[in-house]
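Work through three short exercises on the structure shown below. Try each task before you read its solution.

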Amino acid sequence: MDDITLPKAVENFVAATNAHDANALAAVFADGGVVRDDGTTYAGEAEIREWIQGHLINPKIVITPTSFAGDRLVAYGDGEFPGGPLSFAFVFGIKDDQVTDLAIDPV
């Protein structure tokens with residue numbers, strides 16, 4: 001990842017995910033943030049915290065970035081889930097170093 005330059009919000013998202021720090025992850029998101037993952041939309045702090053716990057913290061996800069261009073991070077996600085590691089595209093909306101919108105899809 002040393003040769004991949006990430007915006008601060010994305011860098012914070014990856015670091016907090018890999019540290020399994022739910023509070024730091026929640027702090028990455030702006031008020032009114034939205035996450036779209038696994039066919040479900042999570043809007044607002046309570047739903048995003050639920051998504052963080054169920055999709056990132058409990059399965060102990062570790063993200064290994066492979067590329068970043070525009071607003072799209074491609075990374076391997078590994079953890080305690082079947083079939084890993086898997087490659088995902090994370091498409092970020094960012095404002096003032098916070099994530100306003102995040103869409104995650106398998107690659």
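The exercises below deal with a predicted model.

**Exercise 1.** Find where Thr 17 lies, and decide whether Thr 17 is buried or exposed.

Solution. Start with the element. Thr 17 is part of helix 1, residues 8-18. Next, take the relative accessible area, which is 0% for Thr 17. Buried means under 20%. Thr 17 is therefore buried. Last, list the contacts, leaving out residues up to four places away in sequence. Thr 17 touches Leu 25, Leu 56, Ile 61 and Ile 63.

**Exercise 2.** Describe the largest pocket and its lining.

Solution. Begin with the space: the largest pocket holds about 330 Å³. Its lining has 16 residues, and Asp 37, Asp 38, His 55, Ile 61 and Phe 88 are the closest to the centre. Now look at the elements. Helix 3 (44-57), strand 5 (86-95) and strand 6 (98-106) each give two or more residues to this lining. Helix 3 has the largest share, with four residues. Then sort the lining by type: ten residues are nonpolar, three polar and three charged.

**Exercise 3.** Classify the aromatic pair of Phe 29 and Trp 51.

Solution. The whole structure has six aromatic pairs. In the pair of Phe 29 and Trp 51, the centres are 6.3 Å apart and the planes meet at 85°. Planes over 60 degrees apart count as edge-to-face. This pair is therefore edge-to-face. Now place the partners. Phe 29 is in strand 1 (residues 29-37) and Trp 51 in helix 3, 22 residues apart. Both Phe 29 and Trp 51 are buried. Finally, widen the view: Phe 29 and Trp 51 join Phe 13, Phe 88, Phe 90 and Phe 92 in one aromatic cluster.

Definitions and conventions. Residues numbered from 1 in each chain as written. Predicted model: local features only at pLDDT ≥ 70, side-chain atom pairs only at ≥ 80, totals over all residues. Heavy atoms only, no water. Buried < 20%, exposed > 50% of the residue type's maximum accessible area, 1.4 Å probe, protein only. Contact = heavy atoms within 4.5 Å. 1 Å grid on protein atoms, 1.4 Å probe; cavity = no way out; pocket = protein on both sides within 12 Å on 5 of 7 lines; lining within 4 Å. Points joined across faces, edges and corners; volume = space filled by probe spheres on them. Nonpolar A, V, L, I, M, F, W, Y, C, P; charged D, E, K, R; others polar. Phe/Tyr/Trp six-rings, centres within 6.5 Å; stacked < 30°, edge-to-face > 60°.
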